[in-house]
Amino acid sequence: MIRVVHYINQFFGQIGGEEKAGVAPKLVEGTVGPGMLIDRLLGERGKVVATVICGDNYFAENPEQVAAEIVPLIEAYKPDLFIAGPAFNAGRYGVACGEICKRVRERLKITAVTGMFPENPAVDLYRRHAYIIETGNSAVGMAKAMPKMVSLACKLLSGERPGTPREEGYIPRGFKETIVTDRLAAERAIELLLKKMRGETFETEITFPELDLVSPAPPIADLKNATIALITEGGLVPKDNPDNIESSRATRWGKYSVDELRDLGCHKFMSIHRGFDTTFVNEDCNRLLPVDVIYDMEREGLFKRTFPFFFATTGVATTIDNARKIGRGIATDLAEAGISGAIVAAT
Amino acid sequence: MRLEMNYFDVKRVEFGRKTQYSGGLLTINREELIEFLSGDPRIASMDIAVAHPGERVRIANILEITEARIKGDDDHYYPGMLGPIYRAGEGVTNVLRGTAIFEIGAIQGLYGGLIDMADDGALLTIHSKTINVCLVTKPAQGVDPAEYGYALKRAGLTASVYLAKVTKSMKSDEVEVFDLERPAGTLSNLPRVGYLFQLHSHGESREPFIYGENSRRYYPTILHPNEVLDGAIVCCHYNISTSIKNSTYSIVNHPVILGLSRRHGKEVDFRGVVISPEPTSLAEISRTSMMAAGLLKNTLKVDGVIITKEGGGHTDVDLMENCNACEGLGIKTVLIDNEWLGLDGAGEFPLLACSPTADAIVSVGNMDAIVDLPAMDRVIGGQNLSDFVSSLQGRIALPLRFIPNGISQAGFTYLSTEIR
């Protein structure tokens with residue numbers, strides 16, 4: 001028999017509305033409110049052994065700590081399955097459902113399922129941590145959502161592989177799985193082309209997220225008094241690679257002395273980049289980062305000063321998330337140092 | 001332009017006294033073939049092994065794959081590479097269908113692939129269904145990796161023609177005719193489609209050859225589909241992972257070209273192929289994409305095109321620029337590409353470049369996905385795979401991008417991805 005613990009907020013727990021949103025977690029044996037629907041759907045297969053009720057504000061004020069308090073309450077009932085909500089479009093309730101599902105899965109290693117309206121802000125926070133069944137935006141959607149939650153939970157418990165989001169009704173978790181189809185990719189491409197040419201609706205297999213467009217900074221107004229920094233994604237690091245910059249798919253960046261690069265060059269530095277032939281760079285680092293020319297220009301008075309450090313990372317197959325993080329890190333450092341402009345030597 | 005493809009279906013390959021083909025059995029005199037292929041100072045040693053579909057065999061360090069072929073009315077193939085320059089795509093060609101020739105070797109700097117002939121791994125590549133004749137070589141001491149690659153190329157192509165020669169003057173199991181000519185007026189109601197074939201062109205040992213010349217020497221050029229199916233283009237890039245290049249096998253059996261050729265006159269009017277290099281600077285890419293789209297629109301006069309890329313993330317830029325240029329001229333465009341989604345498939349950005357015009361893309365899988373392969377009884381091609389897997393005998397886990405034609409950029413794979 002499947003033992004279920006169910007989580008709901010003060011409203012569905014029949015304690016009260018917004019005025020009772022501050023109530024502390026409380027445990028009730030058996031079902032309360034929507035838990036009865038779970039019992040009915042499970043029938044002979046199992047039942048709700050306990051219900052945890054917590055005020056939305058109480059949880060939202062200190063989510064991590066409250067979640068850590070609630071997990072042992074759940075554990076005491078030795079459940080096979082944890083069901084939270086559904087939270088519909090309620091933001092604080094959604095966070096509570098998501099956070100507890102996440103912890104229950106991590107700590108108790110049991111199946112956890114919840115339900116939310118796709119625009120609930122908690123969806124983005126937790127869709128990777130638990131299956132979230134898509135619901136309507138209010139409690140009117142209960143009768144539709146709960147059967148999907150229970151059915152998916154039972155599938156997960158039996159070890160059966162769940163279907164696609166569309167088949168099961170869950171919100172895409174942000175994963176794409178590689179699968180074996182029954183048609184050659186080339187054949188699928190030809191069929192897709194003919195559909196597109198006939199003006200029929202067609203479905204792409206790859207979609208893109210929205211991208212930021214970065215507008216370039218305005219030109220430096222007073223170049224004569226400017227400080228210029230050097231940056232490269234060419235993997236130029238000291239030979240012992242003290243910051244463990246990856247040779248591809250980088251997650252890190254380093255900050256090194258321009259003077260040392262000028263004086264010691266390829267005695268001290270080398271490119272660890274795996275996306276191009278580094279032979280010529282490793283013969284003379286100026287071929288990647290033109291320190292020689294920069295100092296000439298500084299001497300000629302084209303600008304005032306070369307920033308004494310250069311920044312390096314490896315730009316090959318880097319994920320955009322990591323590239324953003326690296327870019328922000330370097331830009332913050334430069335902004336704090338009051339740099340007027342930077343030259344990025346790309347490979 | 002009429003090409004008659006004579007298929008000789010190989011059901012089994014065995015070693016024997018005389019190299020011959022009879023009733024589905026290909027017999028190879030191993031010593032004679034080794035002797036015939038040896039003598040290149042860049043290769044230290046060579047052995048030949050055979051793996052059949054379903055056998056519990058793992059094949060490692062695969063650097064290139066080709067197929068046994070010869071012209072029916074002459075003794076050569078691969079014009080400009082192995083044979084003299086002649087126009088591919090006409091006359092008669094004999095093919096030992098069902099076999100593949102694997103060029104195998106391990107050397108620092110080259111990244112070979114791995115294929116299992118049974119179990120889970122066999123689902124990932126079409127080459128678990130071909131009978132694979134493996135040329136297992138060792139590089140000469142100190143040889144330059146690119147030179148080693150060229151030596152393997154010569155050996156692989158020579159073996160291809162040597163083996164196919166056994167079919168000379170025999171009757172084939174099946175004949176397929178490739179000819180785009182149709183009586184006047186019969187094509188007028190069919191959608192006019194083309195294929196834009198991007199070829200890697202990133203320098204020494206990183207580019208295929210067209211009629212014996214590096215892809216970087218070419219600007220976008222029209223080829224008759226038959227030319228591609230008949231050996232005009234040969235994979236010659238060894239300094240690029242096996243699974244992110246088009247093997248010669250996938251070029252002469254190109255699934256997009258075959259698919260469109262076989263639909264020609266019935267579902268589509270297949271107008272031709274444009275090949276285009278993948279240059280290294282954006283200015284050049286703008287130029288090649290403009291020219292390729294122009295050839296498709298105004299010379300081939302197509303209304304729809306499929307574009308495929310070859311190579312790593314850099315070439316996503318070529319793919320998107322070509323897509324923009326084609327859609328910009330009103331050509332409906334479909335792309336084929338592999339995704340980069342990280343080990344768990346959770347990456348947010350599937351490609352290294354994107355464009356709002358790229359609204360119809362077929363996925364050939366997440367190249368980063370980890371595949372778990374059970375132990376096999378026998379390993380061909382060495383006990384290690386480049387610098388990645390320490391021992392190949394037992395259970396191994398490795399990224400999909402190590403499986404040749406796993407993520408086949410030419411579309412020669414059953415893989416895709418699914419949102420979960």
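Two residues are in contact here when they have heavy atoms within 4.5 Å of each other. Keep that cut-off in mind for the first stop. The model on your screen is predicted.

**Stop 1: where the two chains meet**

Colour chain A and chain B differently, then select the residues of each chain that touch the other. The selection should hold 63 residues from chain B and 48 residues from chain A. The size of an interface is often given as the accessible area lost when the parts come together. Between chain B and chain A, the buried area is about 4,600 Å². Carbon and sulfur atoms give 65% of that area. Now show Phe349(B), Tyr414(B) and Arg420(B) as sticks. These residues supply 21% of the area that chain B buries against chain A, more than any other three residues.

**Stop 2: polar links across the interface**

Stay at the interface and select Asp368(B) together with Arg249(A). Their side chains form a salt bridge, with 3.2 Å from N to O. How many salt bridges are there between chain B and chain A? The count is five. Polar contacts across the interface of the two chains come to 27 residue pairs, both residues of each pair being at pLDDT 80 or more.

Next, show chain B as a cartoon and look at the side that touches chain A. Several elements give two or more residues to this side, among them helix H6 (255–263), helix H8 (314–328) and strand S20 (332–339) of chain B. Strand S13 (192–200) and strand S25 (415–419) of chain B are also among these elements. Colour this side by residue class, and it divides into 34 nonpolar, 14 polar and 15 charged residues.

**Stop 3: the second largest pocket**

Select Arg166(A), Glu203(A), Thr417(B), Glu418(B) and Ile419(B). Of the 19 residues that line the second largest pocket, these are the closest to its centre. The pocket holds about 620 Å³ of space. Which element gives the most to its lining? That is S25(B), with four residues. From chain A, helix H7 (165–168) and strand S7 (176–180) each give two or more residues to the lining of this pocket. By class, the lining of the second largest pocket has five nonpolar, six polar and eight charged residues.

**Stop 4: a cavity**

Move to chain B and select the lining of the largest cavity, which includes Ile65(B), Thr242(B), Lys245(B), Pro404(B) and Ser408(B). Asn405(B) and Ile407(B) also line this cavity. Its volume is about 50 Å³. The count of cavities of 30 Å³ or more is one. Three residues of the lining of the largest cavity are nonpolar, six are polar and one is charged.

**Stop 5: backbone details**

Go to chain A and zoom in on Gly85(A) and Pro86(A). A cis peptide bond joins these two residues, with omega about 10°. Pro86(A) is part of strand S4 (residues 81–88) of chain A.

Then select Asn244(A), in the loop between strand S9 (236–238) and strand S10 (254–257) of chain A. Its phi is positive, near 50°, and the residue is not a glycine.

Finish in chain B with Ser205(B), which sits in the loop between S13 and strand S14 (209–210). Ser205(B) is not a glycine either, and its phi is positive at about 60°.

Definitions and conventions: Residues are numbered from 1 along each chain as its sequence is written. Chains are lettered from A and ligands numbered from 1 in the order in which they are written. This is a predicted model: local features need pLDDT of at least 70, side-chain atom pairs count only at pLDDT 80 or more; totals for chains, interfaces and linings use all residues. Side-chain values use heavy atoms; hydrogens and water are left out. On a 1 Å grid over the protein atoms alone, a cavity is a set of points where a 1.4 Å probe fits but cannot get out, and a pocket is an open set with protein on both sides within 12 Å along at least five of seven lines; lining residues have an atom within 4 Å of a point. Grid points are joined across faces, edges and corners, and a volume is the space filled by probe spheres set on the points. Ala, Val, Leu, Ile, Met, Phe, Trp, Tyr, Cys and Pro count as nonpolar, Asp, Glu, Lys and Arg as charged, and the others, Gly among them, as polar. Buried area is the accessible area (1.4 Å probe) that two parts lose on being put together, summed over both. A salt bridge is a side-chain nitrogen of Lys or Arg within 4 Å of a carboxyl oxygen of Asp or Glu. A polar contact is a pair of N or O atoms within 3.5 Å; within protein, one must be able to donate a hydrogen and the other to accept it, and residues adjacent in sequence count only if both atoms are side-chain atoms.
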